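Student: I would like a close look at one part of this structure, the packing around a single core residue. Please start there and then work outwards to the rest of the model.

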Amino acid sequence: MGKYLLGLDAGNTVIKAVIFDCAGREVAYAGEEGHSRMPCPGYVERDLNELWANARRVIRTCLDKAGIAAGDIAAIGCAGHGNGLYALDRDGEPLIGIQSLDTRATGLVEEWASAGVGERTYPIARQRPWPSQTPTLLAWLKRHRPEVFKRIGTVFFSKDFVVNRLTGERVSEVSDMSGAGLIDLAGRRYDGQLMEAYGLGDCMDLLPTLIESADIAGRVTQEVARETGLAAGTPVVGGLFDVVASALGSGVSRTGSASIIAGTWSINQVIMDGPTLDGPVFMSSTFDRSRYMAMENSATSAANLEWLVREFFEGDHQGDISPFDACCALAAAIEPAADDPLYHPYLYGAQQDGHARAGFYGIAGWHTRGHLVRALLEGVAFGHRQHVETIRKAGATFEEAVLSGGGSRSRLWPQIFADVLGVPVSVAASRETGALGAAIAAGTGVGLFADFTQGADAMVQVERHYKPNGALAAHYDRRYALYNDIAEAMAPLWRRLSASQTMATGVAA
């Protein structure tokens with residue numbers, strides 16, 4: 001058997017290929033950024049042909065950099081962002097790619113909430129409808145774009161599309177399907193009553209074959225081998241919902257362990273032995289063959305810093321310092337004070353309010369760019385705190401957390417997370433935790449590891465630890481309360497703004 005594992009990570013923006021040895025050491029990396037289209041307010045789409053072209057390029061580049069024989073790769077695993085809607089047509093060709101930042105279906109979610117649809121779906125899927133959830137988007141297309149809906153042959157997620165192109169197989173797996181509210185969570189299977197609740201009872205044939213995450217989905221085809229340099233016949237496992245992959249790749253593998261991901265999305269999750277909690281959470285997914293992940297998530301995390309850097313700091317290169325590091329250095333120079341500005345991280349809406357918008361509050365003439373950056377970093381951490389409090393109210397307990405995602409690369413931001421959340425925070429050595437988690441799943445699928453925990457123990461190392469600063473606890477408690485009060489006061493104004501935009505553009509919500 002080969003000595004290496006290839007992990008792919010198909011995010012909302014970048015697709016990455018990383019080759020690891022079986023001790024978790026990174027042998028080679030390649031990544032390529034894709035392009036999103038925003039044709040109307042709330043719409044976020046991508047070209048699936050571009051995604052596959054980028055995937056082919058990063059695989060070949062990664063192999064070339066590694067300088068290893070293709071046959072030395074024992075297996076391939078792929079992670080990818082959950083939800084959104086990646087559809088093939090009835091001939092198996094790319095049709096539409098809607099990303100998980102899309103909020104076009106906000107109006108449909110509100111309609112369903114009034115009709116009690118969530119009360120029908122939650123007992124089965126442990127999830128209520130939300131705007132960029134896969135079945136919600138599918139139902140939106142059925143109503144508003146019937147000409148596209150009629151052409152759909154397969155409903156996929158981002159990583160399923162890549163696996164399909166690698167192997168030719170029409171397969172998905174339980175972590176993504178459960179994370180999208182498309183399966184009976186306890187039974188780990190498709191459910192006709194659930195699909196009926198979404199108004200999709202006639203769409204069961206659009207769902208691909210369902211397997212476990214570490215099961216072999218297929219093998220690399222001869223054509224793909226020629227295009228990428230991979231060896232034909234290399235096994236490809238079903239893969240993982242990227243938040244589960246990132247948790248696994250950061251070393252979170254035991255029941256009761258907590259993973260916080262500061263990436264495009266705010267992900268806050270705890271491994272559970274069973275699918276049922278004492279109270280509701282945003283979503284639950286499978287973790288391995290028998291356990292589950294309780295999650296509170298929203299598109300309110302490090303994408304905010306990416307936006308700030310892109311729009312206001314990209315030209316501020318200072319020697320070898322990246323604009324991201326320059327931003328964090330500005331924030332680190334600010335001594336926390338009671339009159340610091342506050343920031344709401346709602347560039348792409350809030351979890352249950354697609355009308356919500358981002359904003360800075362309390363800016364005064366003496367505040368600097370550093371104050372605004374720090375406000376943004378704190379505002380993202382406050383958003384995570386809201387989710388953590390919901391998970392705890394539902395009955396999940398944990399005393400420390402592992403932080404991953406782009407936000408973990410900062411030396412400042414993990415400390416802010418520890419201070420705002422009031423728990424110790426660790427950061428794994430690998431920056432590519434999603435690809436590493438996918439590689440661990442691949443190794444498990446071909447028998448290199450007995451299970452995910454053994455794989456994580458073998459391949460994950462921790463790099464840094466942060467303890468909460470008790471002297472800042474009261475300061476952050478006060479700011480967090482004000483953060484929530486402002487959000488409550490702004491909610492009706494966000495709705496009015498959204499309504500005026502809809503009237504101006506004529507876009508169906």
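Tutor: Begin with Ile416. Leaving aside residues up to four places away in sequence, Ile416 touches Arg374, Leu377, Glu378, Ala381 and Tyr476. Keep in mind that this is a predicted model.

Next, the setting of Ile416. The largest nonpolar core has 55 residues, and those that touch the most other members are Leu305, Leu377, Trp413, Ile416 and Phe417. Helix α13, residues 369-393, is the element that gives the most to this core, with nine residues. There is also a second core, separate from this one, with 44 residues, among them Phe241, Ile267, Ala442 and Ala456. As a general point, nonpolar side chains tend to be buried together in soluble globular proteins.

Helix α13 also leads to the pockets. It is one of the elements that give two or more residues to the lining of the second largest pocket, and the others are α2 (106-115), α3 (117-125), β18 (292-298) and α17 (473-505). The largest share of that lining comes from α17, with seven residues. In total 37 residues line the second largest pocket, and Phe282, Ala350, Gln351, Gln352 and Asp353 lie nearest its centre. The space in this pocket is about 660 Å³.

Ala350 appears again in the largest cavity. This cavity is lined by 17 residues, and the closest to its centre are Thr103, Ser132, Trp265, Tyr348 and Ala350. Its volume is about 120 Å³. Across the whole structure, the search finds two cavities of 30 Å³ or more.

Now the charged side chains. The structure holds 26 salt bridges. One of them joins Arg57 to Glu32, with the closest N and O atoms 3.1 Å apart. Arg57 lies in helix α1 (residues 48-66) and Glu32 lies in strand β3 (residues 26-33), so this pair ties together parts that are 25 residues apart in sequence. Arg57 counts as partly exposed, at 42% relative accessibility. Glu32 is partly exposed as well, with a relative accessible area of 25%.

Other salt bridges involve buried residues. The side chains of Arg291 and Asp288 meet with an N to O distance of 2.9 Å. Arg291 counts as buried because its relative accessibility is 12%, and buried means under 20%. Asp288, with a relative accessible area of 15%, is buried too. Lys159 and Asp160 form another salt bridge, at 2.6 Å from N to O, and both of these residues are buried. Salt bridges can also link up into a network, as they do for Arg37, Glu45, Asp102 and Arg104.

Two further arginines call for a look at the backbone. Arg126 is not a glycine, yet it has a positive phi of about 60 degrees. Arg126 sits in the loop between α3 and α4 (134-144), and α3 is one of the helices already named in the lining of the second largest pocket. At 15% relative accessibility, Arg126 counts as buried. Arg188, also a residue other than glycine, has a positive phi near 55 degrees. Its place is in the loop between α7 (174-179) and α8 (192-197). Arg188 counts as buried, at 14% relative accessibility.

Last come the cysteines. The count of disulfides is zero. A disulfide needs two cysteine sulfur atoms within 2.5 Å. For Cys22, the closest cysteine sulfur is that of Cys62, at 15 Å, and this is too far for a bond. Cys22 is partly exposed, with a relative accessible area of 27%. Cys328 is in no disulfide either, and the nearest cysteine sulfur, in Cys327, is 6.8 Å away. Cys328 counts as buried, at 11% relative accessibility.

To return to the starting point, Ile416 is among the residues that touch the most other members of the largest nonpolar core. Leu377, one of the residues that Ile416 touches, is also on that list.

Technical notes:
Residues numbered from 1 in each chain as written. Predicted model: local features only at pLDDT ≥ 70, side-chain atom pairs only at ≥ 80, totals over all residues. Heavy atoms only, no water. Core = buried A, V, L, I, M, F, W, Y, C linked by side-chain atoms within 4.5 Å. Buried < 20%, exposed > 50% of the residue type's maximum accessible area, 1.4 Å probe, protein only. Helix = DSSP H or I, 4+ residues; strand = E, 2+ residues; numbered from the N terminus. Contact = heavy atoms within 4.5 Å. Salt bridge = Lys/Arg side-chain N within 4 Å of Asp/Glu carboxyl O. 1 Å grid on protein atoms, 1.4 Å probe; cavity = no way out; pocket = protein on both sides within 12 Å on 5 of 7 lines; lining within 4 Å. Points joined across faces, edges and corners; volume = space filled by probe spheres on them.
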